[in-house]
Amino acid sequence: MYFDSKSTKLDDITWSDMHKLISRNGKESILCIGQRLYSNMRIPLNYDATKYRNWHHFDEPSTSKKQKISVMSFNLLSRHYMWKPVFGYLEQEYLSWSDYRFPLINLMIRQFNCDIMCFQEMEHLIYEKFWSKGFPSPNYHSFYVRKSEPVYWGDRPSENIDGVGIFVNGDKFDVLDSHAIHFGEYIMQHHVKFNVTKATVERVIPRNTVALLVKLRDKQNGKILYVTNTHLYWSPKFNDVKIIQTKLLLNVLHDFIDHNCLCDPCIIMCGDFNSNPSSKVFQLLNTGTIDAFKCNEFALHDYDHKANSELFHNGHIENPFHLACAYESLLTHSHINPRKKLEFTSFTKGLIDVVDHIWYSKNHFKVTKLLGEVDQSYYTETGVVGFPNSQFPSDHIPLVTELAYL
């Protein structure tokens, strides 16, 4: 099999085709394939996804490899959201999906090669054609849910819509179950559980936010693990909606869990929550509850939080799980080294903030390693004003952590 770079387009081949080429010539790599397909390829041959980032280790010598799980969460930045008014100020040669971003994303993912990988803004067409089978290697299983078309989408192809995906290392885990949810549809289908108000109808139901859940069994120790991935609604004018979407995900996860076997399950929750550490979404996941009466996000919008429902209990929104943020140690400046702080997970002219998170059951896991912050000197002394660029193929950076069973 040979691909002619003059006549072959990326959309004409599949990931399995690439694997066949790799298998035929062991010296070929995905980077080399990209160079044969595109004469304008400029990805450095020595590209290192961690070049401007720091690993933080919290390991103990007694922690065995079989106790550890590597986890990634990464918003890929869909090529259909590369609007010129938003990204026109960046170096345009690094914004090309076919020539640069797609090959670099593939290379970055393969370098990390985590046991569990959660992706947001994963385009449906690209997933089906390149990532649904055998990516990043043949032993992985993948699960995906696509968002519905927003009103502004018009007559553009529905297959260009993005969604969220979970990729699981089949050598490490058996997949026992999976479940997808469209939050707006869920409320409509279960409306008897909610005190549906005008705010619910106008603000929550129209949003096309989705989430994905999988149930896994660790092959080495038999532990059952539940993983979720979501991408909450983006607008800061809809922080109330983000809280409700988070609560819906917690409720669906609670129902998804087999409580006959587990009263305190092993959970990993990943995603682009579009919520920073000072948000009520973060507070809900971190502390277990928020008081709706004291929540400014609900001051102007009536969700009937005075009455008990699927969302509220005695005026509170509750999280039934005991969770911890994997990056908690990097969210505040260290007295020892004040530069070691995660300043952002999304870096653009309009947004520099920590909005992506990995959560885990603090009664079952501990963090042994984190891929930390981007070196400040990289973006303060070199003129970098935002991503994507030559090193980072998305406006978000991937979060990578290693967890160990307690």
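I268 stands opposite Y360, a residue of strand β15. I begin with this pair in a predicted model, since strand β15 is the subject of the first part of my talk.

The partner strand in that pairing is β9, which covers residues 266-272. Strands β9 and β15 run antiparallel to each other, and 5 bridges connect them. Strand β15 also pairs with strand β12, residues 323-325, again in the antiparallel sense, here over 3 bridges. In this second pairing, L323 is the residue opposite S361 of β15.

How many of the 6 residues of strand β15 are buried? The count is 6 of the 6, over residues 356-361, and the strand is therefore largely enclosed by the rest of the structure. The burial applies to both faces of β15. On one side are D356, I358 and Y360, and on the other are H357, W359 and S361; all of these are buried.

Let us now turn to one residue of this strand. D356 lies in β15. Although D356 is buried, it has no salt bridge. The nearest side chain of opposite charge belongs to R53, at a distance of 9.4 Å. A salt bridge would require a distance within 4 Å.

With which side chains does the side chain of D356 make a polar contact? One is the side chain of T345, at 2.6 Å. Another is the side chain of H396, at 2.8 Å. If we set aside neighbours within four places in sequence, the residues in contact with D356 are N75, Q120, G271, D272, T345, S346, H396 and L399. Please note that G271 and D272 in this list fall within the residue range of strand β9, 266-272.

Next, the cysteines. A disulfide is a covalent bond between the sulfur atoms of two cysteines. The structure holds 0 disulfides. C270 accordingly takes part in none, and the nearest cysteine sulfur, that of C118, is 3.8 Å away. The cut-off for a disulfide is that the two sulfur atoms be within 2.5 Å. Is C270 buried or exposed? Its relative accessibility is 0%, so C270 counts as buried. C266 has a relative accessibility of 7%, and therefore C266 also counts as buried.

I turn now to the backbone, beginning with two peptide bonds that precede prolines. The bond from F135 to P136 is cis, with omega near 0°. P136 is located in the loop between α5, residues 124-131, and β4, residues 140-146. F387 and P388 are likewise joined by a cis peptide bond, with omega about 5°. P388 belongs to the loop between α10, residues 376-380, and β17, residues 399-405.

Two asparagines deserve a place in this part of the talk. Phi of N274 is near 45°, a positive value in a residue other than glycine. N274 sits in the loop between β9 and α9, the latter covering residues 280-287. With a relative accessible area of 14%, N274 is buried. The second asparagine, N314, also has a positive phi, near 55°. Its loop is the one between β10, residues 289-291, and β11, residues 316-318. Which of the two words, buried or exposed, applies to N314? At 52% relative accessibility, N314 counts as exposed.

To close, I return to strand β15. Its partners in antiparallel pairing include β9 and β12, and 6 of its 6 residues are buried. Among them is D356, which has polar contacts with T345 and H396 and no salt bridge.

Methods. Residues numbered from 1 in each chain as written. Predicted model: local features only at pLDDT ≥ 70, side-chain atom pairs only at ≥ 80, totals over all residues. Heavy atoms only, no water. Buried < 20%, exposed > 50% of the residue type's maximum accessible area, 1.4 Å probe, protein only. Helix = DSSP H or I, 4+ residues; strand = E, 2+ residues; numbered from the N terminus. Pairing = 2+ DSSP bridges. Lys, Arg positive; Asp, Glu negative; His and termini not counted. Polar contact = N/O pair within 3.5 Å; in protein donor to acceptor, adjacent residues only side chain to side chain. Contact = heavy atoms within 4.5 Å.
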